[in-house]
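User: I'd like to learn how to read the features of a protein model step by step. Could you walk me through this one?

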Amino acid sequence: MIEYLKRGKPETERSEDDAKVRETVENTLKEIEQRGDTAVRELSEKFDNYSPASFRLSEKEIENLMAQVSPRDMEDIKFAQKQVRNFAQAQRDSMLDIELETMPGVILGHKNIPVQSVGCYVPGGKFPMVASAHMSVATASVAGVPRIIACTPPFQGKPNPAVIAAMHLGGAHEIYVMGGIQAIGAMALGTETIDPVHMLVGPGNAFVAEAKRQLFGRVGIDLFAGPTETMVIADETVDAEMCATDLLGQAEHGYNSPAVLVTNSRKLAEQTLEEIDRILEILPTADTASVSWRDYGEVILCDSYDEMLEVADDIASEHVQVMTDRDDWFLENMTCYGALFLGPRTNVSNGDKVIGTNHTLPTKKAGRYTGGLWVGKYLKTHSYQKITTDEAATKIGEYGSRLCMLEGFVGHAEQCNVRVRRYGGKNVPYGQGAE
């Protein structure tokens, strides 16, 4: 039996004012498309109180900003990017171009080709999201994207040196200090000074997410992202402090970040609830985390591990921390999630910042049908085909002709018939299927 010791808001109450966000974004994107740089500047002045001579940083400005980053911080950024690059490169190496002869004279294949230009958005209004630069920019670099542009909002009125350093070290070719809808619109639609890109990636607030949604189709996107989500699957092999810490560590992201404990231990569930109350008294970001926990926190008590698995797959959380006596069993059997973090030595912050996997992950149950951002998202797999002998052209043509006529496509059939006549020397009457 599944018992909720704590419930969050009902799903019907969880949505933000979607209609208002949609309308705001739609109108703003129209302004950017019609008025270009002027609209972008007005929006930056209005929302960020920021209006530099140029939103694009020069090489000299990038150098000066990077000089402000302490040696220790720079070392940490480089370490994290090395982990991200190493894993992304291993993923890239697993994606092979193929070519095979499926029958004599018929050659089929595919090539993995990088997207030719990508716009990477790195949030930074509330917290400077240094790690997001590794995840989007460095991974695009590993994929071989020839033009990578990166945008981040000003932090406390000016560019954040650590974020700019991470963008530059990650391989960004153009860096702009620009946030919100104006950044997404400028990258996707283009302006007088910014050439449009083919794809947008990176997390952001509700307005950024909605802008990406509205632009999808005109450009590619990584995924539809909502607020950060975390789930802890635990049994009595771990304690309440560990569970509470892992839940609140993600709840501090925003006021609407779901945090869910799934356990088969009533004792652990009750102690975790008490431990959360204790930590919220001392957590510096409690103003944010406490609201998320109050409105979106849940504690779900199950009778069995199978029931825990069922609940977890139904919720399909972005981050799933598994701390049980059978972590690998969950790895083998879970099917719907963003990323798994297995065992008490692992935690979601590792994945967010440094361990090497990508932290841009599916939310709002999207883990049911997609994984997160990875090097493969920047690659397009294109097929090709080639017939090299008269015999193959004739044989494939005959089958193709008959199958086209079966569907009533006479013009299609003639594409096949003309090859049968020329390369097979067979007299196929016009508008009929081959014998």
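User: Let's start with the overall layout: what distance separates the centres of domain 1 and domain 3?

Analyst: Happy to help, and please keep in mind that this is a predicted model. The centres of domain 1 and domain 3, taken over C-alpha atoms, are separated by 51 Å. The domain assignment puts 17-96 + 115-222 in domain 1, 227-372 in domain 2 and 389-434 in domain 3.

User: Now the sheet. In what order do the six strands of the open sheet come?

Analyst: The general idea is that strands of a sheet pair through backbone hydrogen bonds, either parallel or antiparallel. Here the order is 1-11-10-9-12-13, with mixed pairing. Strand 1 (3-6) and strand 13 (339-342) are at the edges with a single partner strand each, so each has one side without a neighbour in the sheet. On average, neighbouring strands of this sheet are turned by 20° against each other, direction ignored.

User: In which sense do strand 1 and strand 11 pair?

Analyst: They pair in the antiparallel sense, over three bridges; Glu3 has Leu301 in strand 11 as its bridge partner. Strand 10 and strand 11, by contrast, run parallel and are joined by five bridges, with Val260 opposite Glu298 in strand 11. At the other end of the order, strand 12 (residues 319-323) runs parallel to strand 13, joined by four bridges, and Gln321 stands opposite Phe341 in strand 13.

User: How many residues of strand 11 are buried?

Analyst: Five of the five are buried, so strand 11 is largely enclosed by the rest of the structure. Gly297, Val299 and Leu301 point one way, Glu298 and Ile300 the other way, and all are buried.

User: Which helix lies across strand 1, strand 10 and strand 11?

Analyst: That is helix 11 (residues 286-296), which runs at about 45° to strand 11. Helix 12 (residues 305-315) lies across strand 9 (230-234), strand 10 and strand 11, and runs at about 170° to strand 9.

User: Last, the cysteines. Why is Cys120 not bonded to the closest cysteine sulfur?

Analyst: To call a disulfide, we ask for two cysteine sulfur atoms within 2.5 Å. The closest cysteine sulfur to that of Cys120 is in Cys151, 9.3 Å away, which is too far for a bond. Cys120 itself counts as buried, at 0% relative accessibility. Cys416 is in no disulfide either, with the nearest cysteine sulfur, that of Cys404, 4.4 Å away. Cys416 also counts as buried, at 17% relative accessibility. By this rule the disulfide count is zero.

Technical notes:
Residues numbered from 1 in each chain as written. Predicted model: local features only at pLDDT ≥ 70, side-chain atom pairs only at ≥ 80, totals over all residues. Heavy atoms only, no water. Domains from an automatic or database assignment. Pairing = 2+ DSSP bridges. Helix = DSSP H or I, 4+ residues; strand = E, 2+ residues; numbered from the N terminus. Axes fitted to C-alpha atoms, helices over the stretch in contact; angles between N-to-C directions. Contact = heavy atoms within 4.5 Å. Buried < 20%, exposed > 50% of the residue type's maximum accessible area, 1.4 Å probe, protein only.
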